Amino acid sequence: MSVDLNAGKPSYEFDGEIYHFCCAGCRDKFAIDPEFYLSGRSKEKAKYAPKAAQYTCPMHPEIIEDEFTDCPLCGMALEPMGAPQEGPNPELIDFTKRFKIASFLAVPVLILAMSPMLGLPLRDYLGPVLSNGLELLFTLPIVVWAAAPFFVRGWSSVQNKSPNMWTLIAIGVGAAFLYSTIATLFPDIFPEQFKGPDASLPVYFESAAIIIVLVFLGQILELRAREKTGDALKALVDLAPKTALRINSSGTEREVPIENILPGDKLRIRPGERIAVDGIIIEGQSAIDESMLTGEPLPVEKTVGASVSGGTLNTSGGLVIETQKTGADTALAAIIDLVSSAQRSRAPIQNLADKVAAFFVPAVVTIAFASFVTWFFIGPEPAFAFALLSAVSVLIIACPCALGLATPMSIMAATGRGALKGILIKNAEALEALDKATVLVIDKTGTVTEGRPSVSKIFPAPSWKRDKLLALAAGLEKGSEHPIASAILAAAESSGTIPLYISEFQAIGGKGAKGLCTGETVLIGNASLMTENGIAISGLEAQAKERETLGETVLYLAHADNLAGLITISDRVKAQAAKTIHHLKDRGLEIIMATGDSEGAATHVAGQLGIQDVRWGLLPEDKLAIVNDLQARGTVVAMAGDGINDAPALAKADVGIAMGNGVDVTLESADMTLLNGDITAIERARKLSSATVTNIKQNLWLAFGYNSLCVPIAAGILYPVTGTLLSPMIAAAAMSLSSVSVITNALRLRNTKL
């Protein structure tokens, strides 16, 4: 574009050059990060821009829209998916404004209506006609403007054939206001029996006005409570820095907005700073506090070549990292999306509330109509007034908002609480399933053991030397991400052994790996792999059995169809594993250890943990078969593991629990992820699931019990005893109180001791 230099447009001088801009906004953006725009990289920004926001209903997560609107099923305003939006909730702002104005206008209406009960002669002084006219004048903006969202949602519920709380509110408030308006403007059209002792028609403007005010109050309390359930997500979002110190190609450094950081950029991370993106260290070494990802309080030492994650804290040394992932692609963003998705998911127990709600609103309308007819024909004079009061009270007090909130509020609070404790929950169904689980199938390596095995012994076959055997094994394991591979590579590095070059690497699930070295096939793995490939292992069988009895894993190495030797791996049991297994068994869980390791290693570890049912030498399909068999007997199965060979069983189990030190495919297959890989988190997750299910049941009882008790009272069942009917205003207050009680109970989960 062109800029008229004589038009007084803004300019900015950088590196000896003067740049001209069309407006101050463009100048300011350029001034913050001139290198970004001059390098031309700003054109790449669109490739990494976050996806357009989508919106979903907190009570009906199947509803997803591309724009901010109301849910067609329940009328609730949709919320943005993923990370919480910046700033306050727009619906909360709008409802607060409407609430304040409605409250201000409702005060004179209430005074005019209640003055006779308070002993004030105000109504006598003004007269019924002027009093009713003033009430109409003050109530009209409350109903027509303030309550407009309620009527829109009520009408939408009718159009979508999805009756809900807004249906009842719209009918109840609409009936009270419409009748009162007609009675004020056209009193002569009503029969004499409709009139009171003073020959005037009763009006219920105060009921309509106060009901609206109280519904707004309940909605505001609910919206604020829902914001609190997002505190865990906001805490995670706040971990990501808003700026980063980029090292430009010229060698200069500049603090720039995080949205201007792209893959390939180099960033300087100073001691005490949080890392802004996912990347790889290219200079320096430091201890990184990864507790926000893993829950592990001790910093992890990292040096050149190590990966770092956005949001983690650089505690000591200075670093230079090369950016790999930014924005929505980072590990932190993935965790935020996972928690957000879990908060919107539905628990099976919610189906009960949905089934009840489907029949509830039509039933309430029927009861309200029956109450109206009954009071109209058999009630005392003025019968119409009694009939209208009871019908409106039934409609208002029966609003099923508490019923709709019962499950989602608990799920949102629980998943947020879990996230802060390193327990990522993919869906609400997993919470309920873990509480019902009676069997826990658990992997060995990396789950009950530390997952950081080390080479214990190396036994070369005749004509093979130790160093050559280790070089061959290290070369083959360079292509693997398995913890055992790391142990072999670490042993090679510590002894100064250079790994041999291996091509055509192939992992063989549950057995080992193979590749080619100078054209010859190389195999490493368990005895089963050797047998399948015709490799005789009898020459070293005695050594293998001896090491297995000590709980070590035996790996056979073959080269050119001949046994080259064996390497034994030891892996210590996690410090808290035995105690955790004991507690889980006390809580009624049957524990089965299922591992691809040898019998000796498996039974040795199981003995240390007190596990009687041990299955060893298993392939991925064998672990899956165990889960299938248990489920076929009607057992609710939980499965915990961290390896590729665990993924099928994790996916099939009623609740799959991935240890956070596992590979990506495992995490994707699981319903829960324990970020720190700590086995004690299984017990914490079980406690959280139990507390959540109990909380949901309490909420459902509160909601069901409230409606079961209050609807008959609103219909007038106590009139023969008390001589009075329930005021619609009291009904509205009780309806709001029921929602508040459910919300308050759900928020208790945020303080659950795990």
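**Exercise 1. Salt bridges**

Find which residues are linked with Arg270 in a network of salt bridges.

*Solution.* Start with the network: Glu255, Arg270 and Glu273 are linked in it through salt bridges. Keep in mind that you're working with a predicted model. Next, look at one pair inside it: Arg270 bridges to Glu273, with the closest N and O atoms 2.6 Å apart. Now check accessibility. Arg270 is partly exposed at 36%, and Glu273 is partly exposed at 22%.

Then step back to the whole structure, which holds 13 salt bridges. Two further examples are worth a click:

- Arg27 pairs with Asp28, the closest N and O atoms being 3.0 Å apart; Arg27 has a relative accessible area of 24% and Asp28 one of 40%.
- Asp613 meets Arg615 at 2.8 Å, N to O; Asp613 is partly exposed at 24%, and Arg615 is partly exposed at 28%.

**Exercise 2. Cysteines**

Work out why the sulfur of Cys23 makes no bond to the closest cysteine sulfur.

*Solution.* First pick the partner: the closest cysteine sulfur to that of Cys23 sits in Cys26, 3.6 Å away. Next bring in the cut-off: a disulfide needs two cysteine sulfur atoms within 2.5 Å. The Cys23 and Cys26 sulfurs are therefore too far apart for a bond. Widen the search to the whole structure and you get zero disulfides. As for surroundings, Cys23 is partly exposed at 32% relative accessibility, whereas Cys517 is buried at 7%.

**Exercise 3. A three-stranded sheet**

Determine the order of the strands in the open sheet that holds β10, and say which strands lie at its edges.

*Solution.* Read off the order: β11-β10-β13, with antiparallel pairing. Now look for strands that pair on one side only; these are β11 (300-302) and β13 (313-314), the edge strands. Zoom in on one pairing: β10, residues 286-289, meets β13 through two bridges in the antiparallel sense. To check the register, note that Asp289 stands opposite Leu313 in β13.

**Exercise 4. Nonpolar cores**

Identify the residues with the most contacts inside the largest nonpolar core, and the helix that gives the largest share of this core.

*Solution.* The core counts 44 residues, and Leu440, Ile442, Met593 and Ile682 have the most contacts inside it. Helix α25 (residues 680-715) supplies the largest share, six residues. Take Ile442 as a test case: leaving out residues up to four places away in sequence, its contacts include Val448, Ile581, Met593, Ile611 and Ile682. Apart from this core lies another one, of 38 residues, including Ala146, Phe177, Tyr204 and Val213.

Here's a long-range pair to add. Ala413 belongs to helix α14 (residues 401-420) and is buried, with a relative accessible area of 2%. Its C-alpha is 6.0 Å from that of Leu747, although the two are 334 residues apart in sequence.

**Exercise 5. Positive phi**

Locate Ala560 and Asp561, then compare their accessibility.

*Solution.* Begin with position: Ala560 is in the loop between β21 (553-559) and β22 (562-570), and Asp561 is found in the loop between β21 and β22. Then do the backbone. Ala560 has phi near 55 degrees, a positive value in a residue other than glycine. Asp561 isn't a glycine either, and its phi is about 70 degrees. Finish with the surface: Ala560 counts as partly exposed at 24%, whereas Asp561 is exposed at 59%.

Methods: Residues numbered from 1 in each chain as written. Predicted model: local features only at pLDDT ≥ 70, side-chain atom pairs only at ≥ 80, totals over all residues. Heavy atoms only, no water. Pairing = 2+ DSSP bridges. Helix = DSSP H or I, 4+ residues; strand = E, 2+ residues; numbered from the N terminus. Core = buried A, V, L, I, M, F, W, Y, C linked by side-chain atoms within 4.5 Å. Buried < 20%, exposed > 50% of the residue type's maximum accessible area, 1.4 Å probe, protein only. Contact = heavy atoms within 4.5 Å. Salt bridge = Lys/Arg side-chain N within 4 Å of Asp/Glu carboxyl O.
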